[in-house]
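Thanks for sharing this one with me. Here are my notes, set out as numbered points to read alongside the model.

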Amino acid sequence: MAAAGGHGREEILLLRLLAVVLVVGPSLAEGKYVVEERSLSILSPGSLEGKFAVAVSSFGRPGYAGSLLGSLQYPKQGASGCTAFDKFQISFKKFENDFRHAPIAVIESTGECDFAWRVYNAELAGAAGALIIDTKDQDLMKMADSRYATPPSSAKYVGNITIPSALVNKTLGDKLRAELTSGGQINVKLEWGEAQVDPLPYEIWTISQDKCGEHCDTQVQFMMNFRAVAQMLEKGGYTVFTPHYMVWFCPPRYLDSRECQSQCLNNGRYCSPDPEDDFDSGYEGKDVVTENLRQLCVHKILTEKKKPWVWWDYVSDFQVRCSMKEGKYTKDCGNMVATSLGMNETDITTCMGDPNADEENALLKAEQDVQANGGERGDIVITPTLVIKDKQYRGRLENGAVLKTMCAFYPEGNEPSVCLGDDIQTNECLDNNGGCWADASGLITACRDTFKGRVCECPYYQGIQFKGDGYQSCAPTGQLRCSIHNAGCWQETRGNLSFSACSSEKPEGCQCPSGFTGDGYRCEDIDECKSKTKCQCAECSCTDIWGGYDCQCSGDLVYLADHDACVRKTFVEPKGVIWFGVGVVGFVVVILVIGGIIIYKYRVRTYMDSRIRATLAQYMPLESNNQDIYRHLQEEEG
């Protein structure tokens, strides 16, 4: 013990430096395929009301940070969507007298084609969104376009998909199908979140105690301030966060020393320096390792429950309620915080294992391995250390600075909305609309602010996709396009008459209605009388009116527009025609009945005569005189 005591200072220094000489072992970074789950709210009928998770697709260009209000429609034929719906004369349209809900196609996942092809066919048929029913009872998976798609040239149609789509599980899908096929109507709200991008991985190397001077104060302050931003990013699928803790080990020759006994768990395998540099009083290093392990288990358990962002609540609450400076840094306090967040103390204890056992702890061993096996990232030697996408952050550990660095990693136009705050960047769309297209009202614009600048991209607005170059022009498309400034087409009203060059039956373009001529953006009335295209018969008198003409006939004649001729009124009087038709039909029926009776009587009498003759022939004598009598009787009957 004396020898151990004589080497006390050396051992303490050695324990603090071991972070840079840890044994390096092979590690395997496993990729994570993230399934983005969003919300589907069923608004009606009441029997199906509720909020359900759906998996959004990796294709399509819907308006981000938005939602779609619609009515579900299930095709009577071709429900898989593998064949174009027009082959079955099927189109997805709004229900009559329902201008609020856009049509959302419900498609089966059966058939030999990929998800993107099904959604593309649904959009061509007029759908504003698509839900695909998973026919297998399994967890939700991400819908993606496939390089092995049918047809194989998927790139030609994937880029043209503009509607949102999502996968629903079999249980919910079966209920939707049953309701729709029985004639019911289902109104829903589909929320697809902000953007569909690969989440940004980042990690923080830290330590759970707060009694290490300025470094600990900076760390505690940052963790509490960054909490809201971190949770928002992870909930939105923008980040994948992993907490890490500095863990040392005790050299085998010092396992029985006082220092290793007070600073290490699992027989010297996992250690942390004494927070007060005093082995005789206060907290010990193994107290810190124990809490580090608890926080690792908290994150592990919450990740399994698909709520990893709650870890930030635990850490922030622990700093407030269980501060080492205030002497509250205890196991009981940590368990109390975890319990208040809905966690089970037994689960945490099981995860932590036995700290006194002479065996490895999987979580702490993994921390040691990744700490020194940094590769391009480099080894972690100090706390706190922030690592973003495998690169150590070298700036100030402050909210704004860290967020700016993280935002720079996202592709332009796909960054989270928090990156577009005025305190983070300048909104270039506020200056002359960023040089992008905007409608006359200025409410609809192709300018989309980004962290790195701005992009000019025709928008998706109120369920309507605009198409164009984004700089000079953007035009609404689809069945709902006429509701947005009449899609830029000509329209005019005079008195009780209204005409428009926009038709909901056509997905795009403008065409002057009947009675007008022009390019659809400007339409002029056609004077049918002057052009002599209508009302040209000898008895006709033509008068031009806006959008048409009025043709009058002389005398009691009536004008037939289809034949451009005047005919006698009696030939077209509706009641006269009806009664004439009734009379003809009645006459024909009477003739048929009388003829039928006559024919019937004739056939009956002929039949009876033949039977009588047959009977007499059997019983009358065959002599000639008798034959004469028989012949006489026949003549009398005749």
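1. At what angle do the axes of helix 6 and helix 9 cross, and within what distance do they come? This is a predicted model, and in it the two axes cross at roughly 160 degrees and come within 9 Å. Angles over 145 degrees count as roughly antiparallel, and helix 6 and helix 9 are therefore roughly antiparallel to each other. The crossing of helix 6 past helix 9 is left-handed.

2. It is worth looking at the residues between these two helices. On the helix 6 side, the contact is made by Val220, Met223, Met224, Phe226, Arg227, Ala230, Gln231 and Glu234. They meet Val310, Trp311, Trp312, Asp313, Val315, Ser316, Asp317, Gln319 and Val320 of helix 9. Sorted by class, this contact of helix 6 with helix 9 holds 10 nonpolar, three polar and four charged residues.

3. Now to the cavities. Searching the whole structure turns up two cavities of 30 Å³ or more, and the largest has a volume of about 50 Å³. Its lining consists of Thr206, Ile207, Ser208, Gln219, Met223, Tyr245, Gln295, Trp311, Val315 and Gln319. Helix 6 (214-235) and helix 9 (310-321) are the elements that give two or more residues to this lining, with helix 9 providing the largest share, three residues. The lining has five nonpolar and five polar residues, and no charged ones.

4. Please also look at helix 8 (residues 285-304) and helix 11 (residues 345-352), whose axes lie 9 Å apart at an angle of about 115 degrees. Here the crossing of helix 8 past helix 11 is right-handed. Helix 8 contributes Thr290, Leu293, Arg294, Cys297, Val298, Lys300 and Ile301, while helix 11 contributes Asp347, Ile348, Cys351 and Met352. Seven residues of this contact are nonpolar, one is polar and three are charged.

5. Two cis peptide bonds deserve a look. One joins serine 44 and proline 45, with omega about 5 degrees; proline 45 sits in the loop between strand 1 (37-44) and strand 2 (50-56). Another runs from threonine 383 to proline 384, with omega near -5 degrees, and proline 384 belongs to the loop between helix 12 (362-372) and strand 12 (385-388).

6. Finally, a word on backbone phi values. Aspartate 277 is not a glycine, yet its phi is positive, about 55 degrees; this residue is in the loop between strand 11 (270-271) and helix 8. Lysine 389 also has a positive phi, near 50 degrees, and lies in the loop between strand 12 and strand 13 (391-392).

Definitions and conventions
Residues are numbered from 1 along each chain as its sequence is written. This is a predicted model: local features need pLDDT of at least 70, side-chain atom pairs count only at pLDDT 80 or more; totals for chains, interfaces and linings use all residues. Side-chain values use heavy atoms; hydrogens and water are left out. On a 1 Å grid over the protein atoms alone, a cavity is a set of points where a 1.4 Å probe fits but cannot get out, and a pocket is an open set with protein on both sides within 12 Å along at least five of seven lines; lining residues have an atom within 4 Å of a point. Grid points are joined across faces, edges and corners, and a volume is the space filled by probe spheres set on the points. Helices (H or I, at least four residues) and strands (E, at least two) are DSSP runs, numbered from the N terminus. Ala, Val, Leu, Ile, Met, Phe, Trp, Tyr, Cys and Pro count as nonpolar, Asp, Glu, Lys and Arg as charged, and the others, Gly among them, as polar. Axes are lines fitted to C-alpha atoms, for helices over the stretch in contact, and angles run from 0 to 180 degrees between N-to-C directions. Angles under 35 degrees count as roughly parallel, over 145 as roughly antiparallel, 65 to 115 as roughly perpendicular and the rest as oblique. A crossing is left-handed if the near helix is turned anticlockwise from the far one by less than a right angle, and right-handed if clockwise. Contact means heavy atoms within 4.5 Å.
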